[in-house]
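Biologist: I want to learn how to read a model like this one. Please take me through it, one feature at a time.

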Amino acid sequence: MVSGAARYDGHSEWYDEHFGAAHRPAEELAFLREALGTGHGQVCVELACGTGLWAEPIAEAGYRAAGFDISADQLRFARRRHAAVARADACSLPVRDAAVPVVVGMFFHTDLEDFAAALRQVARCLRPGGRFIYAGLHPCFIGPFVNRMSEADERQLHFAPGYGSTGWANRASGDGTGLGGRVGFHHKTLASFLGAIVSSGLQIRDVREFASSGVVLPRNIGLVAEKAQT
């Protein structure tokens with residue numbers, strides 16, 4: 001398995017209800033808008049677009065978005081939001097080499113085993129000087145090794161061994177969303193997460209951490225990486 005089966009099939013209505021536009025985290029939304037800048041009608045690829053929850057800020061920035069996802073069920077919703085969508089594996093994108101200026105990815109690195117393979121595809125299809133914008137769960141602070149469900153009340157976190165063990169989790173991710181229990185959760189250390197980007201040849205230009213309702217430690221992480229000019 002390269003990027004994983006379409007594990008969101010059958011869960012899309014629940015997912016869209018619980019993670020829909022009204023629930024998009026504000027810090028991450030502001031980060032995406034800042035990193036996008038102005039598109040001037042250029043094409044932006046959204047990788048693993050899911051139900052298209054992030055289509056609106058991409059379109060508002062002036063891009064023509066094309067969303068790709070392996071789940072046909074998720075794309076039923078994405079078609080209502082993106083101008084164009086296609087079913088495709090994140091590790092085998094049907095996009096020409098050096099064809100797009102911006103690729104966006106939001107909250108998908110825990111959904112596939114080979115994040116590095118997806119990043120190689122991103123690097124391949126980006127133009128020289130093009131940008132990859134990503135936000136997702138923080139590898140250090142969200143995972144099966146930490147329970148954050150009583151964080152707001154107790155003002156503390158409960159950690160257990162397991163951060164260094166990458167792979168598919170055999171128990172819930174501990175963030176209280178219930179998503180991992182439905183579709184699975186592939187834990188990556190911070191080193192393997194960032195290493196996948198670096199090994200693709202992309203150059204990290206900006207890294208952010210987002211509280212996202214966390215009161216003790218951040219819950220999410222964002223970054224912008226560029227393809228070198230030739």
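Biologist: In which helix is valine 198 found?

Modeller: First, how elements are named. Helices (H or I, at least four residues) and strands (E, at least two) are DSSP runs, numbered from the N terminus. Valine 198 belongs to helix H8, residues 190-199. Keep in mind that this is a predicted model: local features need pLDDT of at least 70, side-chain atom pairs count only at pLDDT 80 or more, and totals for chains, interfaces and linings use all residues. Residues are numbered from 1 along each chain as its sequence is written, and side-chain values use heavy atoms, with hydrogens and water left out.

Biologist: Which residues make a nonpolar surface patch with Val198?

Modeller: A patch takes residues with over 30% relative accessible area and no salt bridge; like charges are joined within 9 Å, nonpolar side chains (Val, Leu, Ile, Met, Phe, Trp, Tyr) within 5 Å. Areas come from the Shrake-Rupley method with a 1.4 Å probe, and for residues only the protein chains shown count as cover. Here, Ile204 and Val207 join Val198 in a patch of about 230 Å².

Biologist: Now the sheet. What is the order of its strands?

Modeller: Strands of a sheet pair through backbone hydrogen bonds, either parallel or antiparallel. Two strands count as paired if DSSP finds at least two bridges between them. This open sheet has 7 strands with mixed pairing, in the order E3-E2-E1-E4-E5-E11-E10. Strand E3 (84-87) and E10 are at the edges, each with a single partner strand, so one side of each has no neighbour in the sheet. From one strand to the next, the twist averages 15°.

Biologist: How many bridges join E10 to E11?

Modeller: There are 7 bridges between strand E10 (residues 203-210) and E11, and the two run antiparallel. In one of the facing pairs, aspartate 206 stands opposite valine 224. Valine 207, from our patch, has leucine 223 as its bridge partner in E11. On E5 (residues 126-137), E11 again pairs in the antiparallel sense, over 7 bridges. There, tyrosine 134 is opposite leucine 223.

Biologist: Why is strand E11 described as largely enclosed?

Modeller: Use relative accessible area: buried means under 20%, exposed over 50%, partly exposed in between (1.4 Å probe, protein chains only). In E11 (residues 220-226), 6 of the 7 residues are buried, so the rest of the structure largely encloses this strand.

Biologist: Which strands does helix H2 lie across?

Modeller: Angles run from 0 to 180 degrees between N-to-C directions, with axes fitted to C-alpha atoms, for helices over the stretch in contact. Contact means heavy atoms within 4.5 Å. Helix H2 (residues 26-36) lies across E1 (43-47), E4 (100-106), E5, E10 and E11, at about 175° to E5. Helix H5 (residues 115-125) also packs on the sheet, touching E1, E4 and E5, and makes about 145° with E5.

Biologist: How many salt bridges does the structure hold?

Modeller: A salt bridge puts a side-chain nitrogen of Lys or Arg within 4 Å of a carboxyl oxygen of Asp or Glu. The structure holds 9. In one of them, aspartate 16 meets arginine 81 at 2.7 Å, N to O. That pair spans 65 residues, from helix H1 (residues 12-19) to the loop between helix H4 (72-78) and E3. Aspartate 16 is buried, at 12%, whereas arginine 81 is partly exposed, at 36%.

Biologist: Is the pair of arginine 148 and glutamate 151 buried or exposed?

Modeller: Arginine 148 is buried, at 3%, and glutamate 151 is buried too, at 2%. Their side chains meet at 2.9 Å, N to O. Elsewhere, Glu34, Asp206 and Arg208 form one network through salt bridges that share partners.
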